[in-house]
Amino acid sequence: MSTKKRINRFLVYLLLILMAAIFLVPIYMVIITSLKSPDQIKMDTVWALPTNWYFYSFVEAWEAFAPSLFNSLKLVIPATVLSALLGSLNGYVLSKWKFRGANVVFPLMLFGMFIPYQSILIPLFQFLNSVGLYGNIPGLVLVHVVYGIPITTLIFRNYYTEVPTEIVEAGAMDGAGFFGIYRHLMFPISLPGFVVVIIWQFTQIWNEFLFAVTLTSGTGNEPITVALSNLAGGRAVQWNLPMAGAVLAALPTLIVYIVLGRYFIRGLLAGSVKG
Amino acid sequence: MTRSFMRRDRIIAFLMLLPSMILIAIFVYGFIGRTAYSSLTNWKGVMVDPVMDFIGLENYRQLFTGLINIRFRQSLVNTFFFTILFVVLCLVTGLTLAMLLDRNIRAKGIFRNIFLYPMSLSFIVTGTVWRWLLNPVGGINRLPELIGLEPLTIKWVTDRAQILKFNWQFFPRTVGILLLVLMLFLVYRSLRKNKKIGAFISGIVGLLAALWLVTGGDQALTLAYPEPHGFNLALIGVILAASWQMSGYTMAMYLAGMTGIAEELREAAYIDGATEFQMYRYIIFPMLAPITLSAMIVLGHISLKIFDLIWVMAGQDNATTDVPGTLMFTTAFRGNQFALGAAIAMVMLILVALVIVPYLVNTLGSEQEL
């Protein structure tokens with residue numbers, strides 16, 4: 001019996017290690033390819049380690065992608081901060097200050113996070129064009145803040161629903177109003193909620209492509225996803241360069257995930273509405 | 001603490017939500033309305049000060065029956081197969097991983113992180129990497145060589161082969177009947193659970209489907225000649241990449257669900273002499289059913305919207321791997337056929353709404369009963 005259990009256990013670990021290997025293979029491939037010089041990249045040795053390490057790919061990739069990485073940063077930081085603040089306020093209203101009709105407003109808001117953005121893309125393009133926000137970072141910030149409202153509101157609403165209503169009532173007893181309760185009671189306990197939302201929005205906006213490619217292509221304000229797809233989609237590429245570019249594009253979100261993975265998972269599960 | 005004071009704060013609260021409500025009203029519903037209207041016109045050519053004549057449902061008729069719009073129909077077929085394979089692969093992989101990890105595994109956290117990290121990447125990064133992995137003369141095809149076998153010769157995303165072919169003429173009627181059956185089932189289910197709103201909505205949709213079939217509405221969308229469509233094998237590579245990225249998500253959902261199943265319940269099952277198989281079969285799987293449904297809906301709607309991954313892996317204008325998402329973009333923003341692009345976008349929206357609206361009504365509806 002005990003040996004049978006032991007064999008069982010061994011098989012479980014074997015399977016887990018095998019699956020882990022499958023999940024890690026792409027990373028291995030990216031790293032070894034990015035560290036090969038173009039003339040070392042040969043099909044019959046694609047899986048082999050580089051014979052001499054060629055770090056110049058990263059220098060080249062940095063030169064090619066620094067402007068778009070910087071664009072992404074200029075986009076992600078304000079958009080994330082603004083949508084987190086907006087979401088927090090909305091979540092506070094929808095959990096502690098429910099008004100008549102709130103139960104209709106909330107699902108109508110939520111629907112906005114599921115729509116295919118193609119269905120609003122043409123009017124959005126026209127609108128941004130007519131107000132002078134087409135092709136620049138502020139326009140893209142606006143877009144991400146607006147279409148981030150549903151998910152940020154959802155996460156904060158679920159978070160604040162857990163906070164006992166007695167706290168709000170006690171605050172009201174002490175004479176605090178809407179803002180007083182928010183500033184002195186809700187905001188100070190909101191840190192975990194903010195971490196979840198900030199990580200979520202940071203990852204989403206950094207990784208977003210459809211809005212970016214529609215609204216910034218060829219303007220010099222392209223975020224990293226557009227720049228990387230332009231390079232990788234081109235013909236006759238030296239593959240060390242897109243691979244090094246992929247590393248640069250992936251690092252920010254990957255680091256956030258490694259450091260704050262627990263909160264990342266929470267945001268992930270919140271996306272399935274139930275929270 | 002006077003009542004008027006509270007009332008003033010209630011007004012403030014409403015006013016604080018108002019900007020978001022207005023933004024959503026304009027940017028989501030207003031813009032959808034504009035797209036819907038554009039899809040009923042002949043708008044093409046210029047973006048600024050366009051000429052837009054109302055032509056009714058002509059664009060939709062063109063998409064479903066026009067000779068040159070065969071690509072749109074294949075894009076729907078592609079999405080269909082993509083969705084089924086992608087969802088099944090993610091569910092199976094995710095459940096397997098969760099079951100493996102749910103056994104007091106040492107280094108559980110490390111394994112979980114390995115399975116989840118692809119979720120933090122963009123589809124663009126995933127696509128770039130997988131395009132290289134799926135190079136027909138390199139990458140994965142060369143893996144068998146490492147253990148002394150012949151390399152594979154799979155063409156992956158450049159494959160032109162098509163299997164499971166069927167005649168598109170059957171499509172409109174089949175969809176109508178399937179929709180009707182599905183809605184009848186949903187009405188039955190909602191009534192049994194005493195959810196009147198759900199039953200009402202499903203009933204209306206079912207009634208519309210029945211009306212459409214009875215009045216011969218499906219004939220209007222039926223091609224005059226047979227047109228074969230099928231599963232393009234070029235999609236398999238993209239499905240693999242998408243599943244590699246999203247399986248961790250299903251795993252996380254299942255793990256969250258399994259942790260929720262109380263330890264006492266399992267111990268009780270063990271004490272009652274249940275084998276491990278029985279425990280999964282009779283205790284754990286039934287409790288995971290709602291999670292499976294949520295995962296199917298979330299993954300399904302992602303798959304209906306898929307865009308970036310196809311774009312990088314197979315190119316933005318590749319007929320074999322077209323999906324409505326990429327086709328809408330090229331039609332509207334490359335071909336300047338804005339009305340036709342808007343019509344494709346509306347078809348996408350309807351497909352997503354069919355999946356999401358019942359789900360939202362269901363989850364939020366049951367929440368309010370609490």
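This is a tutorial dialogue on reading chain B and its contact with chain A in a predicted model.

Biologist: What should I know about the numbering and the model before I begin?

Modeller: Residues are numbered from 1 along each chain as its sequence is written, and chains are lettered from A in the order in which they are written. The model is predicted, with local features needing pLDDT of at least 70 and side-chain atom pairs counting only at pLDDT 80 or more, whereas totals for chains, interfaces and linings use all residues.

Biologist: How many helices and strands are there in chain B?

Modeller: Taking DSSP runs numbered from the N terminus, with helices (H or I) of at least four residues and strands (E) of at least two, chain B has 14 helices and 2 strands.

Biologist: How is a pair of packed helices described?

Modeller: Two packed helices are described by the angle between their axes and the distance between the axes. In chain B, the axes of helix α9 (residues 235–260) and helix α11 (residues 276–304) come within 10 Å and cross at roughly 145°, where axes are lines fitted to C-alpha atoms over the stretch in contact and angles run from 0 to 180 degrees between N-to-C directions.

Biologist: How many residues does each chain bring to the contact between chain A and chain B?

Modeller: Counting two residues as in contact if their C-beta atoms, placed from the backbone, lie within 7 Å, the contact takes 80 residues from chain B and 72 residues from chain A. On the side of chain B, helix α1 (residues 3–38) gives the largest share, 19 residues.

Biologist: What are the dimensions of chain B along its principal axes?

Modeller: The C-alpha trace of chain B spans about 80 × 70 × 45 Å along these axes.
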